[in-house]
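Work through the exercises below with the structure open beside you. Each task is followed by a solution that goes step by step.

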Amino acid sequence: MNTDKLLVKPGSKVELRDRDPDATHGYSKEQADQELLKHQARLTELQEALYAENRRALLIVLQAMDAGGKDGTIRHVMSHMNPLGCSATSFKAPTAEELAHDFLWRVHKAVPAKGRIGIFNRSHYEDVLIVRVHKLVPKSVWSARYEQINAFERLLAGSGITILKFYLHIGKDEQKKRLEERLTDRHKLWKVNPVDFEERKRWDEYMEAYEDALSKCSTDWAPWYVIPAGKKWFRNLAVSRIIVDALEGLKLKYPEPAFDPAKIAIV
């Protein structure tokens, strides 16, 4: 798979209508499922090396419209990771304490430490998405946040954190189908929030907000990837492949022991 086709090249303008949410890039479900198993096994190895090296970290950002598959991606792609070295943070409506600070305060606290992998289920980008669409702050405030986010992510990258950002791209019809499935499945009914149905009415506004966020905030140090997520199996394959490639690119090394193993006698 050529994952460059999923990358938002820094400085480019994203047009989501030109990106097919149901694309599979020539893969069949069977092929994707088999390759995903290999990626999961490789992620287990790479996570252990990252943890042992204890010099760098990985931050994975997941954004999507409601029912876009953020939870499913975490469950299927990251299920083989050791929970001792991995954390997932879900950013919901900010608390009173969080609102009393700058919008990045609660985010910075959740950034993974060295040797760890952090997953953001929604993120600081909500402050240029829902905040913008619902006009929770003036345009002069949210429009300045693109540069603030870029500077924040540059700081993280300069501190040894690899940042991968995934927009899970589904179509409006597919979202309707998934929301309707939740209404008829008692195992998914708990996920239903009537607010989600109201948010669908703002679909075009959200697409415009996402396009600006993807265009303005895909950088060399924190790239955005638009993942076709209409087919869940391809979504899982694409995300896992990009994560494996990024970790392999770090050339992770296990630390040398501070002693000579040959001189250790176990009695």
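**Exercise 1. The chain as a whole**

What percentage of the 267 residues in the protein chain is buried? Describe also the overall dimensions and the surface.

*Solution.* The model is a predicted one, and this should be kept in mind at every step. Buried residues account for 49% of the 267 residues. Turning to secondary structure, the protein chain holds eleven helices and five strands. A compact globule with 267 residues would have a radius of gyration near 18 Å, and the 20 Å found for the protein chain agrees with this. Along the principal axes, the C-alpha trace extends over about 70 × 45 × 40 Å. The exposed area is about 14,100 Å², of which carbon and sulfur atoms supply 53%. As for charge, there are 43 positive and 38 negative side chains, and the centres of these two sets lie 1 Å apart. Finally, when contacts between residues at least 6 apart in sequence are considered, 82% of them join residues at least 24 apart.

**Exercise 2. The nonpolar cores**

Which residues touch the most other members of the largest nonpolar core, and which element gives the most to it?

*Solution.* Begin with the general expectation that, in soluble globular proteins, nonpolar side chains tend to be buried together. The largest nonpolar core has 38 residues, and those touching the most other members are Ile60, Leu164, Phe166, Tyr225, Ile227 and Ile243. Next, list the elements that give two or more residues to this core: α1 (29-53), β1 (57-64), α2 (70-77), β3 (117-121), β4 (161-169), β5 (224-228) and α11 (232-249). Helix α11 gives the most, with ten residues. Apart from this core lies another, of 37 residues, which includes Leu16, Phe103, Met207 and Trp224.

Then take Ile227 as an example, leaving aside its neighbours within four places in sequence: its contacts are Leu6, Phe166, Tyr167, Leu168, His169, Arg235, Ala238, Val239 and Ile242.

**Exercise 3. The buried side of α2**

Which residues of α2 are buried, and against which elements do they pack?

*Solution.* The buried residues of this helix are Lys70, Gly72, Thr73, Ile74 and Val77. The elements against which the buried residues of α2 pack are α1, β1, β3, β4 and α11.

**Exercise 4. A residue of α11 close to a cut-off**

Is Ala246 buried or exposed?

*Solution.* Locate Ala246 in helix α11. Its relative accessible area is 19%, and since a residue counts as buried under 20%, Ala246 is classed as buried. With residues up to four places away in sequence not counted, Ala246 touches Thr162 and Leu164. For a distance across the model, compare Ala246 with Ala64: these residues are 182 apart along the chain, and their C-alpha atoms are separated by 21 Å.

**Exercise 5. Two positive phi angles**

Where do Ala67 and Lys135 lie, and is each of them buried or exposed?

*Solution.* Recall that most residues other than glycine have a negative phi. Ala67, which is not a glycine, has a positive phi near 70°, and its place is in the loop between β1 and α2. With a relative accessible area of 9%, Ala67 is buried. Lys135 likewise has a positive phi, of about 55°, although it is not a glycine, and it is found in the loop between α5 (130-133) and α6 (139-142). Lys135 is exposed, because its relative accessible area is 64% and the cut-off for exposed is over 50%.

Definitions and conventions:
Residues are numbered from 1 along each chain as its sequence is written. This is a predicted model: local features need pLDDT of at least 70, side-chain atom pairs count only at pLDDT 80 or more; totals for chains, interfaces and linings use all residues. Side-chain values use heavy atoms; hydrogens and water are left out. Helices (H or I, at least four residues) and strands (E, at least two) are DSSP runs, numbered from the N terminus. The radius of gyration is taken over C-alpha atoms; the globule rule is 2.2 Å times the number of residues to the power 0.38. Buried means under 20% relative accessible area, exposed over 50%, partly exposed in between (1.4 Å probe, protein chains only). Contact means heavy atoms within 4.5 Å. Accessible areas come from the Shrake-Rupley method with a 1.4 Å probe; for residues, only the protein chains shown count as cover. Lys and Arg count as positive and Asp and Glu as negative; His and the chain ends are not counted. The place of a charge is taken as NZ of Lys, CZ of Arg, CG of Asp or CD of Glu. A nonpolar core is a set of buried Ala, Val, Leu, Ile, Met, Phe, Trp, Tyr and Cys residues joined through side-chain atoms within 4.5 Å.
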